[in-house]
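Hi there,

Here is the structure I promised to pass on to you. Please have a look at it first, and then read on for my notes.

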Amino acid sequence: MATQEQTQVDPDKLMGFVFQAVGEVGATLNTALVVIGDKLGLYRELADSGPLTSSELAERTATAERYVREWCNQQAAGGYLQYDPGTDTYSLAPEQAVALTQPDSPAYLPGFFQIALGSVLDSPKILEAARTGDGLGWHEHVHDVHEGCERFFRPGYNAHLIEEWLPALDGVLDKLRAGASVADIGCGHGASTILMAQAFGNSRFVGYDYHEEGIATARERAEEARVAGRVRFEVAPAAGYDGSGYDLVTMFDCLHDMGDPVGAARHVLGTLAEGGTWMIVEPAAGDRVEDNLNPVGRAYYGFSTLLCTPASLSQEVGLALGAQAGEARIRDVVVAAGFTRFRRVAETPFNIVYEARA
Ligand SMILES: C[S@@+](CC[C@H](N)C(=O)[O-])C[C@H]1O[C@@H](n2cnc3c(N)ncnc32)[C@H](O)[C@@H]1O
């Protein structure tokens, strides 16, 4: 029976599947090529001065023409650049220019590609970990993962944090305006911490992360943003950071990365001021696997396999919620730690924001 089923192959379906794979192999290679175009300043130059021939683009970016020509053709074939055969020039459409060169736009893409490339570069370590069940810590990844993460998440925080997410929390905006004490846990390079500090000049902020190198970068970012006087960055784990009496504790895209999210949640509860709020930003996800079988879920399950699940497994407890945990599992963690109030307050196609209170 099995043999008979195997021989009844529909050639059209088979070729359809092969051509799906052609597109995906092209997309896989494009991840490296977008990062190259970004790091060499090729998109920037095309946005500023295009249309350009490959020779003009190479000259203006001090790069080698033969590589640049091949890159341009690959980008044009993938719909990332426009090619004009009449003038042999390449250009960016206005929408491509925004998505590829404007870091403040919510549509900015290079960071997304950079974290994807870093994740793929580290995949041999995950291959091995999948055999043994060992974890792989956030700190053990290549730099493109760390910098890509910052550049990927920052546009979303720019677009939503100050205008939508914080106002959605009960009474938090008034406290921040008047002068609140805020701890941002698992802060990475401090994008969210610095953004909040820029918006609320009367409040004081401290960002904590267990990753030393990340905290060193966050300190540099605070200096560059001229908020270092009101923002501190310290190396500490989520379940053991300093201080208490925080009006607001935040966690951006990191609770599910932690080995012991319940332990971390318990620590948050113990460090909040009376009436304080814990804001949890998590990747958008439904509770059931079938809710997440879509393009966003595909990307997040990919990051979850290569980054988030191994990160959690590398730590004590190793609960490994995964990046597609969904509201019900996040609620379980929060309630298990002793919080009595939990609600979803905001969402975007990429994130869900929760509020937890004692
Ligand atoms: C996906 S990154 C998000 C970083 C940052 N919040 C952002 O939005 O850009 C996850 C972060 O969680 C941190 N992290 C993971 N486990 C941690 C723990 N147990 N305690 C503190 N930080 C932790 C990692 O070092 C990493 O910076």
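A polar contact here is a pair of N or O atoms within 3.5 Å. With that in mind, let me start at the ligand, and please remember throughout that this is a predicted model.

**The ligand site**

An N or O atom in the side chain of Asp 209 sits 2.6 Å from an oxygen atom of the ligand. The protein buries 95% of the 590 Å² that the ligand exposes when taken alone. Tyr 157 also reaches a ligand oxygen, with a polar side-chain atom at 2.5 Å. For Gln 315, the partner is a nitrogen atom of the ligand, which is 2.9 Å from an N or O atom of the side chain.

There are 19 residues around the ligand, and those that come nearest are Tyr 157, Gly 186, Asp 209, Phe 252 and Gln 315. Sorted by class, the shell has 12 nonpolar, 4 polar and 3 charged residues. Helix 9 (residues 143-165) gives the largest share of this shell, with 3 residues.

**Salt bridges**

Which features might you want to look at next? I would go for the charged pairs. Side chains of opposite charge can pair when their charged atoms come close. The structure holds 21 salt bridges, and a few of them are worth a visit.

One is between the side chains of Asp 38 and Arg 151, at 3.0 Å from N to O. This pair links distant parts of the chain, as Asp 38 belongs to helix 2 and Arg 151 to helix 9, 113 residues apart. Are these two residues buried or exposed? Both Asp 38 and Arg 151 are buried.

Further along, Glu 327, Arg 331, Arg 344 and Glu 347 are linked in a network of salt bridges. Within this network, Arg 331 pairs with Glu 327, and their closest N and O atoms are 3.5 Å apart. Both residues lie in helix 15 (residues 327-336), where a spacing of 4 residues amounts to about one turn of the helix. The side chains of Glu 347 and Arg 344 form another salt bridge of the network, at 3.1 Å from N to O.

How do the members of this network stand towards the surface? Glu 327 counts as buried because its relative accessibility is 16%, under the 20% cut-off. Arg 331 has 35% relative accessibility and so counts as partly exposed. Arg 344 is also partly exposed, because its relative accessibility is 31%.

**Backbone geometry**

Most residues other than glycine have a negative phi, and most peptide bonds are trans. Three places in this model are worth checking against that background.

The peptide bond from Gly 50 to Pro 51 is cis, its omega being near 0°. Pro 51 is part of the loop between helix 3 (42-49) and helix 4 (54-61).

Arg 226 is not a glycine, yet its phi is positive, at about 60°. You will find Arg 226 in the loop between helix 12 (212-224) and strand 5 (231-235). With a relative accessible area of 77%, Arg 226 is exposed.

Asp 253 is another residue other than glycine with a positive phi, here near 50°. The loop that holds Asp 253 runs between strand 6 (246-252) and helix 13 (261-271). Asp 253 counts as buried because its relative accessibility is 7%.

**On the surface**

What makes up the nonpolar patch on the surface? Val 9, Leu 14, Met 15, Val 18, Phe 19 and Val 22 form it, and together they have about 550 Å² of accessible area. Val 18, one of these residues, lies in helix 2 (residues 11-39). Val 18 is partly exposed, as its relative accessible area is 37%.

Last on my tour is Pro 106, in the loop between helix 6 (94-101) and helix 7 (110-121). Pro 106 is exposed, with a relative accessible area of 58%. The C-alpha atom of Pro 106 is 8.5 Å from that of Arg 154, although the two residues are 48 apart along the chain.

Happy browsing, and do write back with any thoughts.

Best wishes

Definitions and conventions:
Residues are numbered from 1 along each chain as its sequence is written. This is a predicted model: local features need pLDDT of at least 70, side-chain atom pairs count only at pLDDT 80 or more; totals for chains, interfaces and linings use all residues. Side-chain values use heavy atoms; hydrogens and water are left out. Patches are made of residues with over 30% relative accessible area and no salt bridge: like charges are joined within 9 Å, nonpolar side chains (Val, Leu, Ile, Met, Phe, Trp, Tyr) within 5 Å. Accessible areas come from the Shrake-Rupley method with a 1.4 Å probe; for residues, only the protein chains shown count as cover. A salt bridge is a side-chain nitrogen of Lys or Arg within 4 Å of a carboxyl oxygen of Asp or Glu. Helices (H or I, at least four residues) and strands (E, at least two) are DSSP runs, numbered from the N terminus. Buried means under 20% relative accessible area, exposed over 50%, partly exposed in between (1.4 Å probe, protein chains only). A residue is near a molecule or strand if one of its heavy atoms lies within 4 Å of it. A polar contact is a pair of N or O atoms within 3.5 Å; within protein, one must be able to donate a hydrogen and the other to accept it, and residues adjacent in sequence count only if both atoms are side-chain atoms. Ala, Val, Leu, Ile, Met, Phe, Trp, Tyr, Cys and Pro count as nonpolar, Asp, Glu, Lys and Arg as charged, and the others, Gly among them, as polar.
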